[in-house]
Amino acid sequence: MTRLARLLARTLAAFAVTITLTSTADASVVHGNTIGPGQEKFVSNGDYCVRSDDFGSSTWLYNDGGHDFKVTRSTANGPRVTAYPNIFRGWQWGIGTKGPWPIKVSADGAPRADLTVTNTWKGTYNSSLDMWFSTYPNRTTQANGAEVMIWLSHPGAVAAGRRVRIDGTDWYLNSWMTRGHGKSWRLIIFVHATQISSVKGLWLSPFLRAAESRRWIKPSWYWTGIDAGFEIWRGGQGLGVRYFNVNS
């Protein structure tokens with residue numbers, strides 16, 4: 001075999017390995033309407049991703065290609081959250097959508113979110129927006145800075161805290177340090193004073209500035225992504241995100 005032939009053979013072999021690894025990495029991506037446990041589906045030309053994020057129970061989702069999903073089956077039945085089916089923009093554990101993510105907190109602009117959910121008012125869950133922050137532009141692991149949750153509803157789940165006013169609306173605010181996957185981070189929860197199923201044009205900056213003013217988030221950190229979905233303790237079937245949109 002000539003030197004050129006050997007070089008060509010090595011190049012083709014390397015290319016074949018690359019193709020194999022890419023195929024393996026994409027094995028959880030589905031292209032139909034049913035999203036099973038641990039699977040994800042990109043929608044809106046990759047701007048959003050619907051994910052069955054399970055960590056103790058399993059959920060099956062239905063999505064027809066829009067900014068939405070419905071939980072068709074859930075095995076959650078316990079004293080703690082074991083699933084967070086969601087649709088997101090940004091990054092989750094190496095899964096990323098199109099866009100500028102991660103975004104430096106000091107340069108997040110004036111983001112707004114629309115979220116409409118279908119509540120069943122059965123079982124134990126919350127419907128929420130979930131924003132993640134790391135001290136560096138993290139795309140692959142557990143966020144190490146902060147997590148900001150905005151709860152719209154919380155049937156069966158305890159919601160308490162200090163009453164605060166954010167952009168003209170009353171919320172309950174609670175926060176503590178939590179830990180998982182070898183990392184610790186600040187969990188910050190804003191709970192709407194009355195349980196609702198929809199927000200439109202919700203300004204996100206006032207929530208982030210409220211966290212910054214308490215030194216829970218720093219402007220030098222990175223906003224890695226935003227999710228919309230349900231933390232499920234028990235039940236879950238019939239829950240759905242009817243529409244989610246965020247600009248950043």
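Here are a few exercises on this predicted model, each with a worked solution.

Before we start, residues are numbered from 1 along each chain as its sequence is written, and side-chain values use heavy atoms, with hydrogens and water left out. Since the model is predicted, local features need pLDDT of at least 70 and side-chain atom pairs count only at pLDDT 80 or more, while totals for chains, interfaces and linings use all residues.

**Exercise 1. The open sheet**

Work out the strand order of the open sheet, then find which strands stand at its edges.

Solution.
- Step 1: get the terms straight. Strands (E, at least two residues) and helices (H or I, at least four) are DSSP runs, numbered from the N terminus. Two strands pair if DSSP finds at least two bridges between them.
- Step 2: read off the order. The 6 strands go β1-β4-β5-β17-β9-β15, with antiparallel pairing.
- Step 3: look at the ends. β1 (34-35) and β15 (198-203) each have a single partner strand, so one side of each has no neighbour in the sheet.
- Step 4: zoom in on β1. Its link to β4 (residues 59-62) is antiparallel and made of 2 bridges. In β4, Y62 is the bridge partner of T34.

**Exercise 2. Salt bridges around helix α2**

Find the salt bridges that involve R209, and say which residues end up linked in a network.

Solution.
- Step 1: set the cut-off. A salt bridge is a side-chain nitrogen of Lys or Arg within 4 Å of a carboxyl oxygen of Asp or Glu. The structure holds 5 of these.
- Step 2: take D108 and R209, whose side chains meet at 3.1 Å, N to O. This pair links distant parts of the chain: D108 is in the loop between β8 (103-104) and β9 (112-118), R209 is in helix α2, and they are 101 residues apart.
- Step 3: take E212 and R209, which meet at 2.6 Å, N to O. Both lie in helix α2, 3 residues apart, or about one turn of the helix.
- Step 4: put it together. D108, R209 and E212 form a network of salt bridges.
- Step 5: check burial (buried is under 20% relative accessible area, exposed over 50%, partly exposed in between, using a 1.4 Å probe and protein chains only). D108 is buried at 4%, whereas R209 is partly exposed at 32%.

For another pair, try R165 and D170: their closest N and O atoms are 2.7 Å apart. R165 is exposed at 56%, and D170 is partly exposed at 23%.

**Exercise 3. What covers α2?**

List the buried residues of helix α2 (residues 205-213), then name elements that cover them.

Solution.
- Step 1: the buried residues are S205, F207, L208, A210, A211 and E212.
- Step 2: the cover includes β10 (124-134), β11, β12, β13 (169-180), β14 (183-192) and β15.
- Step 3: check what comes just after the helix. There, R215 takes a positive phi of about 65°.

**Exercise 4. Two residues and their surroundings**

Are T224 and A159 buried or partly exposed, and what do they touch?

Solution.
- Step 1: T224 sits in strand β16 (residues 222-234) and is buried, with a relative accessible area of 5%.
- Step 2: count contacts as heavy atoms within 4.5 Å. Not counting residues up to four places away in sequence, T224 touches several residues, including W91, W101, W132 and F133.
- Step 3: A159 is in the loop between β11 (146-153) and β12 (162-166), and is partly exposed at 26%.
- Step 4: leaving aside neighbours within four places in sequence, A159 contacts W151, H154 and V191. A159 and Y172 are 13 residues apart in sequence and 7.6 Å apart in space, C-alpha to C-alpha.
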